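Grab a pencil and work through these exercises at your own pace. Each one comes with a solution that goes step by step.

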Amino acid sequence: MVLASIRLLPSPFLAFAPCRSPYSWRPRPSSVTAFSSLHSSASKGDGGVELGGDQRQAEVIFLGTGTSEGVPRVSCLTNPLNKCEVCLKAAQPGNKNRRLNTSILIRHPNSSGTQNILIDAGKIRTIDAVIITHSHADAIGGLDDLRDWTNNVQPHIPIYVTKRDFEVMTKTHYYLVDTSVILPGAKVSELQFKIISEESFFVHGLKITPLPVWHGQNYRSLGFRFGNICYISDVSEIPEETYPLLKDCEILILDGLRPDRSTSTHFGLPRALEEVRKIQPKRTLFTGMMHLVDHEEVNDYLASLLESEGLDAQLSYDGLRIPVRL
């Protein structure tokens with residue numbers, strides 16, 4: 001989990017073909033306002049992201065849709081012999097190939113107000129909970145950065161994490177687990193660790209169902225289902241016992257690292273599309289794309305699948321926000 005401020009220029013929603021699904025990527029009078037309401041508020045001194053829109057409308061916001069290196073890669077931009085077209089495009093302001101580490105924000109209205117629930121990363125004004133998918137550096141590396149919130153905005157942040165991943169944190173972030181080792185006067189993130197299993201749990205009244213998957217050989221990661229939205233960001237194999245948990249999925253947010261093939265730890269788009277055909281969600285948004293994935297080119301190909309086989313799938317992009325029902 002790498003936390004970073006984001007600055008987004010106004011941009012339209014993805015141009016999906018017409019569909020009767022209740023979930024639309026196009027602005028509606030009853031949903032949130034478009035991109036202009038998600039912008040950096042650093043000039044106001046809080047260093048976070050101000051979120052506008054209809055506070056009564058649940059929504060999912062894609063804070064990051066890239067890999068652990070992000071896009072553009074520094075190695076591409078600084079290599080005079082490298083002509084990585086995607087990274088060059090991503091260096092342009094407002095380009096949809098620009099991608100931070102994979103993360104979504106769930107905005108969940110309830111009787112107490114709108115709760116901000118992060119999965120793995122993000123930087124906003126108030127964080128009501130963080131849910132960890134796995135203990136790789138791109139998922140937990142930003143835990144220390146949460147001190148900006150607990151020092152200046154709120155007293156503590158609850159972190160929902162499995163026992164196996166918490167044990168990793170006792171080594172990688174031991175000073176956040178046992179704050180007694182901190183030197184006097186030093187400030188670190190004040191985190192409340194809440195151990196979860198692979199059973200459903202509730203965060204501020206929202207039911208979260210873990211979706212166990214493999215993220216490489218013998219390495220367990222979690223996706224999560226909330227309402228009829230299923231989020232699986234890091235996966236190389238879906239166990240048979242997880243498929244029933246994906247039944248009647250309305251929106252599937254799925255790992256799609258490369259345009260050509262899978263790796264030992266991630267789905268590539270060909271394998272991801274096979275899974276989409278098997279799971280049969282109403283709509284799919286791919287996330288976790290590396291610098292080989294050109295947003296416009298791949299989306300053009302995916303749009304052709306809607307015409308040829310009725311498969312409604314597109315790439316997500318940083319800052320995309322979609323109204324949902326929870």
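**Exercise 1.** Find the residue that stands opposite Pro-109 in strand 5, and work out how strand 4 and strand 5 are joined.

*Solution.* Step 1: look across from Pro-109, and you land on Thr-114 in strand 5. Step 2: follow the two strands, strand 4 (residues 103–110) and strand 5 (residues 113–119). They run antiparallel, with seven bridges joining them. Step 3: check the link, where two residues sit between the strands of this hairpin. Helices and strands here are DSSP runs, numbered from the N terminus (H or I and at least four residues for a helix, E and at least two for a strand). Two strands pair if DSSP finds at least two bridges between them.

A word on the model before you go on: it is predicted, so local features need pLDDT of at least 70 and side-chain atom pairs count only at pLDDT 80 or more, while totals for chains, interfaces and linings use all residues. Residues are numbered from 1 along each chain as its sequence is written, and side-chain values use heavy atoms, leaving out hydrogens and water.

**Exercise 2.** Now turn to the other pairing of strand 4: which residues of strand 4 are the bridge partners of Val-60 and Gly-64?

*Solution.* Step 1: strand 3 (residues 59–64) pairs with strand 4 in the antiparallel sense, over five bridges. Step 2: Val-60 has Ile-106 as its bridge partner. Step 3: for Gly-64, the partner is Ser-103. Step 4: take Glu-59, also in strand 3. Its C-alpha atom is 8.2 Å from that of Leu-105, though these two residues are 46 apart along the chain.

**Exercise 3.** Are Glu-59 and strand 4 buried or exposed?

*Solution.* Step 1: get the cut-offs straight. Buried means under 20% relative accessible area, exposed over 50%, and partly exposed in between (1.4 Å probe, protein chains only). Step 2: Glu-59 has 1% relative accessibility, so it counts as buried. Step 3: in strand 4, six of the eight residues are buried, so the strand is largely enclosed by the rest of the structure. Step 4: for the whole picture, 54% of the 326 residues of the protein chain count as buried.

**Exercise 4.** Place strand 4 in its sheet, and say which strands stand at the edges.

*Solution.* Step 1: the strand order is 8-7-6-5-4-3-16, an open sheet of seven strands with mixed pairing. Step 2: the edges are strand 8 (191–196) and strand 16 (321–323); each has a single partner strand, so one side of each is left without a neighbour in the sheet. Step 3: on average, neighbouring strands here are turned by 25° against each other, direction ignored. Step 4: helix 5 (residues 163–172) lies across strand 7 (157–162) and strand 8, at about 115° to strand 7. Axes are lines fitted to C-alpha atoms (for helices, over the stretch in contact), and angles run from 0 to 180 degrees between N-to-C directions.

**Exercise 5.** Now do the sheet that holds strand 14: what is its order, and what lies across it?

*Solution.* Step 1: this open sheet of seven strands reads 9-10-11-12-13-14-15, again with mixed pairing. Step 2: strand 9 (201–203) and strand 15 (313–315) are the edge strands, pairing on one side only. Step 3: strand 14 (residues 283–287) pairs with strand 15 in the parallel sense over three bridges, and Phe-286 stands opposite Leu-315. Step 4: helix 8 (residues 295–309) lies across both strands, running at about 180° to strand 15.

**Exercise 6.** How do helix 7 and helix 8 pack?

*Solution.* Step 1: helix 7 (residues 269–279) meets helix 8 at an angle of about 30°, with axes 13 Å apart. Step 2: the two are therefore roughly parallel, since angles under 35 degrees count that way. Step 3: name the contacts (heavy atoms within 4.5 Å). Leu-269, Leu-273 and Arg-277 in helix 7 meet Val-298, Tyr-301, Leu-302, Leu-305 and Glu-309 in helix 8.

**Exercise 7.** Which loop holds Gln-280, and is this residue buried or exposed?

*Solution.* Step 1: Gln-280 is in the loop between helix 7 and strand 14. Step 2: its phi is positive, about 60°, although it is not a glycine. Step 3: with 64% relative accessibility, Gln-280 counts as exposed.

Methods. Parallel < 35°, antiparallel > 145°, perpendicular 65-115°, else oblique.
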